[in-house]
Amino acid sequence: MSLLPEHRYPSVIELVSSARALTAHRPALCGLKQVGVSRAGRPLHLLSVGHAPRAVLVVAGAHANEPTGGSTLLALAERVVQERELRADTSWHFLLCADPDGASLHVTPAPRTLLDYHLGFFRPAGPEQPEWSPSVLPPDRLPPETRALTRVIDELRPYLQVTLHGTDLGGSWVQLTKDIPGLAEPFAKSAAELHIPVETGASDAAGWPASGPGVHVMPAPGSDAAYPSMPDDARHSTWYHAHRYGGLTAVVEVPMWASDLVDDPAPHPAPVAALRHLAGRLTRDATQVERILAEAMPRLPGPDGPLLRAAKWALELVPGLAGDWVHGPPPDSTMAYIGSVDAFGRRLPLRAAAMLLRVLQEADDLAAPRLQELVALWSEAFAERFRARWVPLEHQVEHQSRTVIAAARHARDRAA
């Protein structure tokens, strides 16, 4: 049975419906249960396949704007049901959507362009993101989605947690909380076969050790952060919760649009000057959005909703991040790394502008047309600069699925 909608990203309702259909089709093998509720009362569901005590946990939907994970999760569940060897000594557990509230606000299930994607964009402020909230909030203020996720980890004690992430434009890469020897080769092979570039210099992993191109191992807690101003440190996220049971987490990133500019390992000829230029552009772009926000704020009804909170939070990151870049590049900065920073610098103010635009349009505010022009201009410039090409959804899903299965196999060998 096929669980995947064709050529578009499934909604949370469709994810749950597909999981129920699979459970009804193979009731002795599969189970579906509610493991919590969101802040708005939406249920969080866990689909389980197999009964072996050794467990893999796969998490989708931690970031609402990264929709590939839901499609990958369904494809993986179907594959585990069909292929007995995948569940011979491992049970598989799938958290269908870690943030259903966020998913309800990101409304581009089948984007044709980067502009389409941004016109329906939503990504919560850091304290409202289920995986990131422990890095910025005290334990007694964690959102219910985070508490549900950590309870699932406590119950399953997985030897591997995989969280399915993505990027709007760029390449594929993997972040590991501990190394998985042998993963780099099948990851690279899959990316090459599916014509997906490997992001060898991902700014998210600046300064981290690499076990192979695009496979980055997070530094140990206590190490210096590449961007000290950023409030959310991955080493305090839910990704590390599996460590208390001897497990580890793999974060598998896949692009919606690919760019061949993010996999060039050649040294950059002038990284200091390049980063100063990118920091200046980041500051100027954010200032344009801030001016429109300041003008419109007196006209907007209160209190701030999730879109406006997220836009403000993104803008608040800019001064510190620009300062981090000016402070200096990491050693051996490559063309790929500077390209990744370039993309990040375009992405942050564009996302803030896109979310603010939705707020202004809802309020029928007179500043909305001006902001819409900015969102359109920046989306087009982003796509043109990086020569964006759409990665077919089936390729996004296949690459992410292959990487998850390879990670499970190699992590199992590591734990044995």
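This is a guided tour of selected parts of the structure, in the order in which they may be selected in a viewer.

The model is a predicted one, in which local features need pLDDT of at least 70 and side-chain atom pairs count only at pLDDT 80 or more, while totals for chains, interfaces and linings use all residues. Residues are numbered from 1 along each chain as its sequence is written, and side-chain values use heavy atoms, with hydrogens and water left out.

**Stop 1: the hairpin**

Select residues 30–37, strand S1, and residues 43–49, strand S2, which pair in the antiparallel sense over seven bridges. Strands here are DSSP runs (E, at least two residues), as helices are (H or I, at least four), numbered from the N terminus; two strands pair if DSSP finds at least two bridges between them. S1 and S2 form a hairpin with five residues between them. Within the turn, Gly 41 has a positive phi of about 90 degrees. Two positions show the register: Leu 32 stands opposite Leu 47 in S2, and Val 37 stands opposite Pro 43 in S2.

Add residues 91–95, strand S4, which pairs with S2 in the antiparallel sense over four bridges. Here Leu 46 has Leu 95 of S4 as its bridge partner. Six of the seven residues of S2 are buried, so S2 is largely enclosed by the rest of the structure. Buried means under 20% relative accessible area, exposed over 50%, and partly exposed in between (1.4 Å probe, protein chains only).

**Stop 2: helices H1 and H2**

Select residues 12–25 (helix H1) and 68–82 (helix H2), whose axes come within 11 Å and cross at roughly 5 degrees. Axes are lines fitted to C-alpha atoms, for helices over the stretch in contact, and angles run from 0 to 180 degrees between N-to-C directions. H1 and H2 are therefore roughly parallel to each other; angles under 35 degrees count as roughly parallel, over 145 as roughly antiparallel, 65 to 115 as roughly perpendicular and the rest as oblique.

Show the side chains at the contact (heavy atoms within 4.5 Å). H1 contributes Leu 15, Ser 18 and Leu 22, and H2 contributes Gly 70, Leu 74, Ala 77 and Val 81. These residues of the H1 and H2 contact divide into five nonpolar, two polar and no charged. In this division, Ala, Val, Leu, Ile, Met, Phe, Trp, Tyr, Cys and Pro count as nonpolar, Asp, Glu, Lys and Arg as charged, and the others, Gly among them, as polar.

**Stop 3: Val 254**

Next, centre on Val 254, which lies in strand S9 (residues 248–258). Val 254 is buried, with a relative accessible area of 0%. Measuring the C-alpha to C-alpha distance to Gly 69 should give 9.1 Å, although the two residues are 185 apart in sequence. Not counting residues up to four places away in sequence, Val 254 touches several residues, including Thr 68, His 165, Ile 196 and His 399.

**Stop 4: the aromatic cluster**

Seven aromatic pairs are present in the structure. Rings of Phe, Tyr and Trp (its six-membered ring) pair if their centres lie within 6.5 Å; planes under 30 degrees apart count as stacked, over 60 as edge-to-face and the rest as tilted. Select Tyr 117 and Phe 121, an edge-to-face pair at 5.7 Å centre to centre with 70 degrees between the planes. Tyr 117 is buried at 0% relative accessibility, and Phe 121 is buried at 0%.

Then select Trp 257 and Trp 390: the ring centres are 4.9 Å apart and the planes lie at 70 degrees, so the pair is edge-to-face. Trp 257 lies in strand S9 and Trp 390 in strand S10 (residues 389–390), so the pair ties together parts that are 133 residues apart in sequence. Trp 257 is buried at 5% relative accessibility, whereas Trp 390 is partly exposed at 35%. Tyr 117, Phe 121, Trp 257 and Trp 390 form one aromatic cluster.

**Stop 5: backbone details in three loops**

Select Gly 302 and Pro 303, which are joined by a cis peptide bond with omega of about -5 degrees. Pro 303 is placed in the loop between helix H7 (271–296) and helix H8 (306–327).

Move to Arg 157, which has a positive phi of about 50 degrees although it is not a glycine. Arg 157 sits in the loop between helix H5 (144–156) and strand S5 (160–170), and is exposed, with a relative accessible area of 53%.

Finish at Asp 364, a non-glycine residue with a positive phi of about 55 degrees. The loop that holds Asp 364 runs between helix H9 (335–362) and helix H10 (368–385). Asp 364 is exposed, with a relative accessible area of 69%.
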